[in-house]
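Let's take a friendly walk through a protein model together. Have the sequence and the 3D view ready.

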Amino acid sequence: MGSSKKAHGGIEVDHAKQLPRLRRIEGQVRGLQQMIENKRDCLDVAHQINACIAALRRVEGDMLRDHLTACAGAALSGNLSEAESRRLAEEIGKLLARMN
C-alpha cells in the first residue's frame with residue numbers, strides 16, 4: 001500500500017497509528033456479516049452497527065485532530081508563504097466546521 005504518512009502542502013501527518021483500529025473495525029464488520037448470515041436478532045445487529053459507526057467516528061476524529069495539529073504547527077512556524085498561510089487558514093476553518 002505505501003506509506004501512511006501524507007504530505008499536505010509541506011505538512012506531514014502520520015496516520016499509521018490508526019491502522020490497528022481500522023483492522024479491528026474491519027473484524028467488527030465481518031462479524032456483522034456473520035450475524036446477518038446467522039439470522040441474529042435485528043436489535044443485536046443494530047447495536048453492533050452503532051459500535052462500528054462509533055469506532056469509525058473516533059478514527060475520523062483522531063485523524064482530523066492530528067491534521068489540525070499539524071496545520072497549526074506549520075502556521076505557527078512562520079516558514080510559510082502568504083498563499084500557503086491563507087490555504088492553511090481555509091483548511092483549518094473547514095476542519096473545524098467538519099468537527100461540529
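What follows is a short report on the overall layout, the confidence and one helix pair.

This is a predicted model, so a good place to start is with how confident the predictor is in each residue, a score called pLDDT. The mean pLDDT of the protein chain is 84, and 87% of the residues reach 70 or more. Confidence varies along the chain, as the table shows for its two extremes.

| Element | Place in the ranking | Mean pLDDT |
|---|---|---|
| Strand S1 (residues 5-8) | lowest | 52 |
| Helix H1 | highest | 97 |

Where pLDDT is low, the predicted coordinates should not be read in detail.

Now for the layout. The protein chain contains three helices and two strands. Read from the N terminus, their order is β-β-α-α-α. Of the 100 residues, 22% are buried. Among contacts with a separation of 6 or more, 59% join residues 24 or more positions apart.

How do helices H1 and H2 pack? Helix H1 covers residues 19-37 and helix H2 covers residues 42-77. Their axes lie 10 Å apart, at an angle of about 165°. Angles over 145 degrees count as roughly antiparallel, and H1 and H2 are therefore roughly antiparallel to each other. Their crossing is left-handed.

Which residues meet there? From H1 they include Leu-22, Ile-25, Val-29 and Leu-32, while those from H2 include Val-45, Ile-49, Cys-52 and Leu-56. By class, the contact of H1 with H2 has 13 nonpolar, two polar and four charged residues. Arg-21 in H1 and Asp-44 in H2 are also among the residues of this contact.

Key:
Residues numbered from 1 in each chain as written. Predicted model: local features only at pLDDT ≥ 70, side-chain atom pairs only at ≥ 80, totals over all residues. Heavy atoms only, no water. Axes fitted to C-alpha atoms, helices over the stretch in contact; angles between N-to-C directions. Helix = DSSP H or I, 4+ residues; strand = E, 2+ residues; numbered from the N terminus. Parallel < 35°, antiparallel > 145°, perpendicular 65-115°, else oblique. Left-handed = near helix turned anticlockwise from the far one by under 90°. Contact = heavy atoms within 4.5 Å. Nonpolar A, V, L, I, M, F, W, Y, C, P; charged D, E, K, R; others polar. pLDDT = per-residue confidence, 0-100. Buried < 20%, exposed > 50% of the residue type's maximum accessible area, 1.4 Å probe, protein only.
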